[in-house]
Amino acid sequence: MTHEQEKAYLTTYRDGLLNDILPFWLNNAVDKAHGGFIVALNQDGSILDTDKGMWQQGRFTWLLSTLYNTVEQNDTWLSLAKSGINFMDQHGFDDDGRMFFQVTREGAPLRKRRYVFTEAFGAMAYAAYAKAANDDAAAAKAGELLRLVIRYNSTPSLIPPKGVPGTRPAQGIGVPMIAINLGQVLRETIDDPMSTDLIDQSIESIERYFMKPDLRAVMETVGPNGEFIDHFDGRTLNPGHAIEAAWFILHEASLRNNDAHLIKIGTQILDWMWERGWDKEYGGILYFRDLNNLPVQEYWQDMKFWWPHNETIIATLLAYCMTGDKKYATWHKAVHDWAYKHFPDPAHGEWFGYLHRDGRISVPLKGNLWKGPFHLPRMQWYCWQLLEARAASRTAHNS
């Protein structure tokens, strides 16, 4: 990857974030009547549904606060982040300290989920906002949510099992994967003393239980001790999830003076899951694969979703920057080019989220309970910052 190519990527990510993606959400998602954000938006930004996903409140609040902390101390961003914080304060929490997953526009509770992912994104939002606003109460709330997440994830009896207890116990990679990012955000923003231990334990869990060198795969679901579960759920691979974990681990390696062991883990995950997930016929990242190349149960298994491409763009660029291995530059170009050819909407801005295998649009909406202002703008922000730091280091070295 030449310096000119890096400069072109930097411009694409920076300008796409600031001039396309962020304005789309700022112009359409802000709920001036009830606070917080409405993210169930149609192609043109019009509202499809007024219910609010609570983790989307947290995710957008985290994004706005992070941009304030790292890009520009923009009062509009901070004010809107405060709106997200206020909405979560007023409507996000049940009496047990857990967060709701879905509420009405006004904030009446609709749904909670078994897992504590909403609380994890809430913690990230409060922590990033605490740094931006120098808000001690928000920092305390972030720490409280971190400890709730750790307690629930380390106490199996607190989370009801998905199936009949004792018959086929399992664990998913989503828990330690999100925990890595949670720890990184809270360490960076409020320097929480539990963050690094959480990161270490989560990486160790992924390496011990989910990485299978003999299979050259990272499992999505395994038994309590990493056992292979030879059924649909146990054989199903989610390349995007694993690759997201890969870049979290590579990022951690970069913060630890390019820790060789962590680089090996991160690149190994990326290597295995690129081979499993890249569509050799049409290009792009397939959503699910079967470990043994058998049919997958989920009917959307060969669709192309926006977020695995976002995570793979980050992972391949970060792997290249850290190792200098040209194959990662080649992979980065492949996934970047495919994503930017098929997902962006030239008419109304932002990206479509759901494509058929060959890149045709499946549904034109821009937001729902799952898709909102997070994976895509996070990718643009992270890659912009990575390439900008790389260019600055090169300039300093040559001066």
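Contact here means heavy atoms within 4.5 Å. With that in hand, a good place to enter this predicted model is isoleucine 269, which touches Ile206, Met211, Val218, Ala242, Ala246 and Ile249, leaving out residues up to four places away in sequence. Isoleucine 269 also belongs to the largest nonpolar core, a set of 130 residues, where it is listed with Leu182 and Val218 as having the most contacts inside that core. Val218 thus appears twice, as a partner of isoleucine 269 and as one of the most connected core residues.

Stepping back to the whole molecule, the protein chain holds 13 helices and 14 strands. Its C-alpha trace spans about 60 × 50 × 45 Å along the principal axes. A compact globule of 399 residues would have a radius of gyration near 21 Å, and the 20 Å found for the protein chain agrees with this. Of these 399 residues, 56% count as buried. Among contacts between residues at least 6 apart in sequence, 65% join residues at least 24 apart.

One of the sheets invites a walk from strand to strand. This open sheet has three strands in the order E3-E4-E5, with antiparallel pairing. Strand E3 (52-53) and strand E5 (109-111) stand at the edges with a single partner strand each, so one side of each has no neighbour in the sheet. Strand E4, residues 102-103, pairs with E5 in the antiparallel sense over two bridges, and glutamine 102 stands opposite arginine 111 of E5.

Phenylalanine 101 is found in the loop between helix H3 (75-91) and E4. Its relative accessibility is 1%, so phenylalanine 101 counts as buried. Beyond its neighbours within four places in sequence, phenylalanine 101 contacts Lys52, Gly53, Met54, Trp55, Arg111, Lys112, Arg113, Thr118, Leu369 and Trp370. The C-alpha atoms of phenylalanine 101 and alanine 130 are separated by 22 Å, with their positions 29 residues apart along the chain.

Helix H4 covers residues 117-133, and at 1.5 Å a residue its 17 residues should span 24 Å; the end C-alpha atoms are 24 Å apart, which agrees. Because 14 of the 17 residues of H4 are buried, the helix is largely enclosed by the rest of the structure. Just after H4, asparagine 134 takes a positive phi of about 55 degrees.

Most residues other than glycine have a negative phi, which makes a short look at two further asparagines worthwhile. Asparagine 258 has a positive phi of about 55 degrees and lies in the loop between helix H9 (239-255) and helix H10 (260-277). At 43% relative accessibility, asparagine 258 counts as partly exposed. Asparagine 293, with a positive phi of about 60 degrees, sits in the loop between strand E11 (289-290) and strand E12 (304-305). At 68% relative accessibility, asparagine 293 counts as exposed.

Finally, the cysteines. With sulfur atoms required to lie within 2.5 Å for a disulfide, the count comes to zero. Cysteine 321 is in no disulfide, and its nearest cysteine sulfur, that of cysteine 383, is 8.6 Å away. Cysteine 383 is likewise in no disulfide, with the sulfur of cysteine 321 as its nearest. Cysteine 321 has 18% relative accessibility and counts as buried, the cut-off being under 20%. Cysteine 383, at 0% relative accessibility, counts as buried too.

Conventions:
Residues numbered from 1 in each chain as written. Predicted model: local features only at pLDDT ≥ 70, side-chain atom pairs only at ≥ 80, totals over all residues. Heavy atoms only, no water. Core = buried A, V, L, I, M, F, W, Y, C linked by side-chain atoms within 4.5 Å. Buried < 20%, exposed > 50% of the residue type's maximum accessible area, 1.4 Å probe, protein only. Pairing = 2+ DSSP bridges. Helix = DSSP H or I, 4+ residues; strand = E, 2+ residues; numbered from the N terminus. Expected span 1.5 Å × (residues − 1). Rg over C-alpha atoms; globule rule 2.2 N^0.38 Å.
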